[in-house]
Amino acid sequence: MTRRLSREALIKWAPLLVLIALVIFFTALNPTFFSLRNFARIAIAAAPALMVAVGVTFIIVMGSIDLSMEGTVSLTAVSFAFIFAQLGGSLAGFGWIATPLVLVLGGLIGLLNGLVHVKLKIPSFMASLAMGFVGTGAAILLTGGDIVKVSDAAFRGLLTVRWLGFPLMVYVAAFFLFIGWFIQTHTTLGRNFYAVGGGEDLAHASGLNITRVRVTGFALAGVFYAIAAILVVARIGQAESVTGANFMFVSITSVVVGGVALWGGIGGVWNALVGVLIVNVIDNGMVVIGLPDFLQDGVLGLLVILAVVLSTDRKMVSFVK
Amino acid sequence: MYELKSVDKKFPGVHALKAIDFHVERGEIVGLVGENGAGKSTLMKVIYGAYQPDGGQVLINGTTVRFSNPRQAMEKGIGMVFQEQSLIPNLTVMENIFLGYERQFVRFGVVDWKAMAKAAKAQLAKVKLDIDPATVTSKLSFVQRQLVELAKVLTLEERVKGDLVILLDEPTSVLSKDEVQLLFKLVRELTTRASFIFVSHRMDEVMELSDRIYVMKDGEVVEVVERGGATTEEIQHKMVGRNVDKQYYREHLQKPFDRSKVLVEMVGVGLPGRIEGISFKVHAGEVLCLVGTEGSGREAILRTIYGMLTPVTGRLKIKGAEANSYSPRQSVAHGVGYVPRERKIEGIVAGMNVYENMTLSQMKNHSRSGVLRVAEERALARDWIKKLSIKAHSEFADCGNLSGGNQQKVVLAKWRSGGSDIMLLDHPTRGLDIGAKEDVYDMIRAMSVAGVGIVLVADTLEEAIGLSHTIIVVKDGRMQKQFDCAPGAKPTPFDLLHYMI
Amino acid sequence: MDIQRLKPHLPWITLVVLVAIVGINDPSFMRPSNLLGIAGDIVPLFIMALGLTFAIYIGGIDLSAQSIANMVTVVASVYLASMGAWVAVLCVLAGFLLGMFSGFVTTRLFVPSFISTLAVGGVAFSIAQWLSGQRALNMDAMQRNETFGWMIGRTWGVPHELLIAAVLVVICLFIERRTTLGRALKAVGAGELAAAASGLNVARYKILAFAISGALAAIAGLLFAVKLSGGAPTIANGFLLPAIVAVLVGGTPLTGGVGGVVNTVIGTLIVAVIRASMLYFEIDATRQQMVFGVVLIIAIALTIDRAKLRTVK
């Protein structure tokens, strides 16, 4: 029993300790790391990734996985850029309508993703991977491989307007993080994610509609991917079919490193936040202390393995594929 | 109040329930006892709606009802407290209690945790459990979880009009003596609100708690005993049923074994929480049978010999050699063969054909530097198909498509053809029809004559008595009693049952 | 006719139907030189699919194949000058070891293969970026032709890639049908618990399956680098999806145990014909990815053995 408890404590607090240790480490090597300017830089880089991570957190809590984020982000980003331009190309005019539309689009893509997974009974990692390819394909189709610029000053204000040193997009991300937390702790849906992840058969026996919970979860994740897409477009001022590239690796890594157990039922949006910060601090820190940033993927890969190993109760699993 | 009238349930090849009459009155505690496989669990599943009866009627207050799933049964006031914990460990106590029924606490899409906590508190008070309903379930002790489980079922009280019937399936198996008394006291008090059906392997507990006891055997209710209407022993006799003669056990077929040659020796083997202080020897040609109830530790003993479990205390010797690393690979190399209970999962590989299955454990014997001699494998398979008269169109038949009996023959052939001389058989006749069972018995006797040491966990007591030279009764992970089963001096099922429960 | 009995034959029927459709609409498609050319072009992809077959055959997945191939294009370009032909050994060994590492993490550390291979893919990507200095590299044309020129020529109109593919198919087929390794992999894919209960060292065989997958991904990368006479850390991106599609439409389901090498040959040909037909029907190349994504979903849905999945997560 004590072993179990210490394990739980370790899983709960280790990510935060790692984050603090990393900050101290990089500051010691280069004090400029610990500055508002640099923190703002980290926050800007982290904001879209955080939204993707929050979305996929719900899925992982259910014990499933979603690998469709690259396609979904690309497609919603491109759609946003097009709709925004169609509606006048300015936030001041009717351009803002593009935002809710794209959120709905993200939800629909997620819904489709969930339906393919649940109704065709395909394991989620493969269903979502395939749907991700379809999403990217659709984005290529829309753009024909071109870049779509979004240069509306009001919209780019998400990046350029700062408040207490941080641009607006960071506050937007924080707001949606809060929403994610609210869903996780204060709604039946959020709690049902944990029930499904903690014991799907038992939850089913208690009369829970597992199918609905799963499909809704994927739709919700899709909405968060769409938010991420809008933030990315705001950050770089353009959308293209590769806008979503690398989000899969980074977000899954973040969530797992942050302490969300791959087996489901444990962790939540705060873990996603810590995880995203770990990943981005490593990323940023390497540059600050002058290490080549290409080591990042490798380091993250090893970190993920370590995180999964730590969070796996080996007595509980007979074998994995 | 709740009544079953000549309820029948059939599965392919098994008549699991035969014209069961059963009733529970308001506020009554009814015990249900029977040997493994007597039909208790099937009956319970019918009661709480997991199975639908094939014949007969289910009546509540005189009206016929029919449940197509447990949820419908719950809506009529029938709740089940599961033996295996059905609480979700990562959720809080209150979430578990109201899982699937959260809607009553949701206002504008938001869960009112305070209201849920208050309601949960009220449910917990019914079972006299004073814990914070926001506690995460995995932090509770076993007895606390058992009580939460009961509290969860008792929410039916508010949801359902009319009387409650609550099934308790082995609720005491993980509890200490004091905890059991606590639970019993509670159950007695709760009879003002509900009737109970109590299922347990522990005879004394059933006697103590129940107002009436149904005794089941072979899918039938053989006796209904009022409180104080019979002694423990009389009930045990009824569970065992008929007395059988020498002819029934075919004692003349049993050959003596070679006491000079020890194949397996266990000395004080223990695995915390599963088995403790297990010591015995298996000789060449001996059939040693482990007898006990479900979960008594028989399987753990088999799996330890096979190397799938590593004992924490004690020693295991196979053919005189001390085992110091435990793995199936190691055991197979020492000539140990294992016929698992889950034939379709661990026994055969469905999707592979007969010869591929037969040589799976001994590919080394039929290959050179990793290259298989397939013609040789096929010849071997054809040989054994003939020897055991396996019904398969050829050695290319997919084992997944064979009948249960023939699958079992393939598994036995796999080990015998590889020269295994220590066989571990876990329920080798499970789910087989009579003819196939006889075939398996013949094979066991033949192996015994050939000098193979056999450790058997049998499907029924009669099977155990008929086949074995030695019987060891296991209860709660410990050896209770060892019987010598030489022809003419066999113990009766009652003798065994007496030590089992 | 029973759909279950028809199922094993679906892949080649699909292939024949597709070829017939394209052939009728565009007779020039059926010209032997054209067919050979199409087959030759798909060889690097096919070799990667061949490797993936092993990972999928045991019920796992290898998402690192593409990154390993990427890495190998870089390794080959960087070390060709100094190592000559030995660079091939280095490449294959690197792929084998990375695959082994994935297998080790999956079987011994209980990390699901889609995560472990994704992580190992990250490692491979880092190595590629580090070695290449994040640039596209070129091989010395002279030296390439001298050392590996034999890989990409033609003899009597037959592309040499096809011969390489044929040799690999024969080797893999031999492993699958005639060796204890192949038999063990089948047992692990069809019933892992029964394989373990028969005393097989399941972990070792699974690790080997991932290692073979890695090694073949490396060969795919090497051939690709030779064809393009250079390498870059993202040059083989776009291989993974069609390679997985090739394995699955060929009839090796995600749940493992059935299918195999021959199925992947057919599956790859289906992918090749789909690609070619897109050209002939003037379907925009940009739609390819979408088409393959949808084909992938259909293929999984048709082949997967749902009896083996207790709960679909």
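Begin in chain B of this predicted model by selecting the open sheet of six strands, whose order is β18-β21-β22-β15-β23-β24 and whose pairing is mixed. The edges are held by β18 (336–339) and β24 (478–484) of chain B, and since each of them has a single partner strand, one side of each is left without a neighbour in the sheet. Looking across this sheet from one strand to the next, you will find a twist that averages 15°.

Within the same sheet, now colour β21 (residues 422–426) and β22 (residues 453–457) of chain B, which run parallel and are joined by five bridges. To see one of the pairings, show B:L424, whose bridge partner in β22(B) is B:V455. Then add helix α17 (residues 434–449) of chain B, which packs on the sheet and touches β15 (287–291), β21 and β22 of chain B, its direction making about 150° with that of β22(B).

Stay in chain B for another sheet, an open one of four strands in the order β14-β13-β16-β17, where the pairing is antiparallel. Here β14 (275–284) and β17 (321–322) of chain B stand at the edges, and because each has a single partner strand, one side of each is left without a neighbour in the sheet. Select β13 (residues 258–271) of chain B together with β14(B), and you have an antiparallel pair joined by seven bridges; among the pairings, B:V269 has B:I278 in β14(B) as its bridge partner. Helix α11 (residues 298–306) of chain B can be shown next, lying across β13, β14 and β16 (313–318) of chain B and running at about 110° to β13(B).

Move now to chain A and select helix α13 (residues 295–311), which has 17 residues and reaches 24 Å from its first C-alpha to its last, close to the 24 Å expected at 1.5 Å a residue. Display the side chains of its buried residues, which include A:L300, A:L303, A:V304, A:I305 and A:V308, as well as A:Q296 and A:D297. Around the buried residues of α13(A), bring up their packing partners, namely α11 (247–257) and α12 (269–288) of chain A along with α6 (86–108) and α7 (113–132) of chain C.

Finish where chain A meets chain B, with 16 residues of chain A in contact with 15 residues of chain B. On the chain A side, the elements giving two or more residues are α8 (188–198) and α9 (200–205), and the largest share, five residues, comes from α8(A). Coloured by class, this side of chain A shows seven nonpolar, eight polar and one charged residues.

Technical notes: Residues numbered from 1 in each chain as written. Chains lettered and ligands numbered in written order. Predicted model: local features only at pLDDT ≥ 70, side-chain atom pairs only at ≥ 80, totals over all residues. Contact = placed C-beta atoms within 7 Å. Nonpolar A, V, L, I, M, F, W, Y, C, P; charged D, E, K, R; others polar. Pairing = 2+ DSSP bridges. Axes fitted to C-alpha atoms, helices over the stretch in contact; angles between N-to-C directions. Expected span 1.5 Å × (residues − 1). Buried ≥ 20, exposed ≤ 12 C-beta atoms within 10 Å, placed from the backbone.
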